[in-house]
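User: Could you take a close look at one loop residue in this model, and then connect what you find there to the rest of the fold? I am a first-year student, so please go step by step.

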Number of protein chains: 2
Amino acid sequence: MKRSPETELLRANAAFYDAFASQDMEAMDELWARGLPVVCIHPGWPPLFGRDEVMDSWRAILLGENAPHIECEQPQPAAFGESGFVVCIERIEGDPLVATNTFALQNGVWQLVHHHGGPMNVETAPEPTDRTLN
Amino acid sequence: MKRSPETELLRANAAFYDAFASQDMEAMDELWARGLPVVCIHPGWPPLFGRDEVMDSWRAILLGENAPHIECEQPQPAAFGESGFVVCIERIEGDPLVATNTFALQNGVWQLVHHHGGPMNVETAPEPTDRTLN
């Protein structure tokens with residue numbers, strides 16, 4: 001049975017956080033697209049452009065001495081043909097952040113092309129309720 | 001002459017900041033997609049899901065007493081078929097923020113489906129150089 005694009009996006013998003021949480025740089029590298037525009041915005045950082053710069057940043061984060069513990073909550077997918085994104089709450093050492101992870105379909109595989117993470121004010125953190133995007 | 005998707009994305013992104021800067025709620029409303037998933041993450045806010053909630057937030061921001069003065073710098077487009085995004089630096093009252101604006105093609109028009117804005121540490125603000133995304 002063919003899975004919906006939204007289901008595939010959620011699986012790709014989960015794979016990203018699995019690689020992040022397990023500090024698996026090889027898996028992280030495989031998740032990011034090759035031959036497409038690639039951008040990454042870590043919380044508070046300026047945007048990083050291009051695959052080399054982006055993967056260097058992940059190497060520094062995942063293989064550093066203080067690799068953060070991270071969990072993904074409330075992922076919400078949105079698909080638009082050959083591209084789509086997942087918005088989710090990240091918990092890093094308990095503090096909430098909000099992230100957008102954008103994927104593009106390459107040879108039938110949803111590959112990361114953009115990660116944008118930023119702080120979220122704790123007092124406005126959303127309750128875990130069902131939501132509709134339309 | 002047909003314009004490239006990247007050029008169209010830059011035009012749509014500029015129209016978004018024009019509507020923002022001129023507090024033109026009607027133009028802002030026209031820029032956002034209808035009948036597609038819509039999300040918006042204002043700096044520090046939790047994500048807002050769905051067109052009604054997103055437009056309510058823009059109404060509060062644009063028509064409020066303290067509507068911020070905003071400029072967009074260094075916009076970088078990335079197109080993926082029927083969707084694409086622009087990453088840019090926003091200056092609000094001089095302070096730099098970083099934003100991702102995601103668009104989807106509807107009836108030949110690039111419409112906003114997601115805005116994600118967040119703070120950027122001033123000391124790491126990028127120099128205005130040419131960049132490549134690949």
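Analyst: In this predicted model, Gln23(B) is partly exposed, because 15 other C-beta atoms lie within 10 Å of its own, whereas a buried residue would need 20 or more and an exposed one 12 or fewer. Gln23(B) sits in the loop between helix H1 (5-21) and helix H2 (25-31) of chain B, and its phi is positive, about 55 degrees, although Gln23(B) is not a glycine. That sign deserves attention because most residues other than glycine have a negative phi.

A second loop residue, in the other chain, can be set beside it. Asn107(A) lies in the loop between S5 and S6 of chain A, and its phi, near 50 degrees, is likewise a positive value in a residue other than glycine. Asn107(A) is exposed, because it has 5 other C-beta atoms within 10 Å.

The strands on either side of that loop lead into the sheet of chain A. Six strands form an open sheet in the order S2-S1-S6-S5-S4-S3, and their pairing is mixed. Strand S2 (48-49) and S3 of chain A stand at the edges, each with a single partner strand, so one side of each has no neighbour in the sheet. S3(A) runs antiparallel to S4(A), and nine bridges join the two; within this pair, Pro77(A) stands opposite Val86(A) in S4(A). Helix H1 (residues 5-21) of chain A packs on the sheet, where it touches S3, S4, S5 and S6 of chain A, and its direction makes about 150 degrees with that of S3(A).

The sheet also takes part in the meeting of the two chains, in which 36 residues of chain A are in contact with 36 residues of chain B. Strands S1 (39-41), S3 (70-80), S4 (83-92), S5 (95-106) and S6 (109-119) of chain A each supply at least two residues of the side that touches chain B, and the largest share, five residues, comes from S6(A). The residues on this side of chain A divide into 20 nonpolar, 14 polar and two charged.

Finally, there is the nonpolar core. The largest one has 70 residues, and those touching the most other members are Val39(A), Phe103(A), Val113(A), Val39(B), Phe103(B) and Val113(B). Leaving aside its neighbours within four places in sequence, Val113(B) is in contact with residues of both chains, among them Ala78(A), Phe80(A), Leu36(B) and Phe103(B). In soluble globular proteins, nonpolar side chains tend to be buried together.

Methods:
Residues are numbered from 1 along each chain as its sequence is written. Chains are lettered from A and ligands numbered from 1 in the order in which they are written. This is a predicted model: local features need pLDDT of at least 70, side-chain atom pairs count only at pLDDT 80 or more; totals for chains, interfaces and linings use all residues. Two residues are in contact if their C-beta atoms, placed from the backbone, lie within 7 Å. Helices (H or I, at least four residues) and strands (E, at least two) are DSSP runs, numbered from the N terminus. Ala, Val, Leu, Ile, Met, Phe, Trp, Tyr, Cys and Pro count as nonpolar, Asp, Glu, Lys and Arg as charged, and the others, Gly among them, as polar. Two strands pair if DSSP finds at least two bridges between them. Axes are lines fitted to C-alpha atoms, for helices over the stretch in contact, and angles run from 0 to 180 degrees between N-to-C directions. A nonpolar core is a set of buried Ala, Val, Leu, Ile, Met, Phe, Trp, Tyr and Cys residues joined through C-beta atoms within 7 Å.
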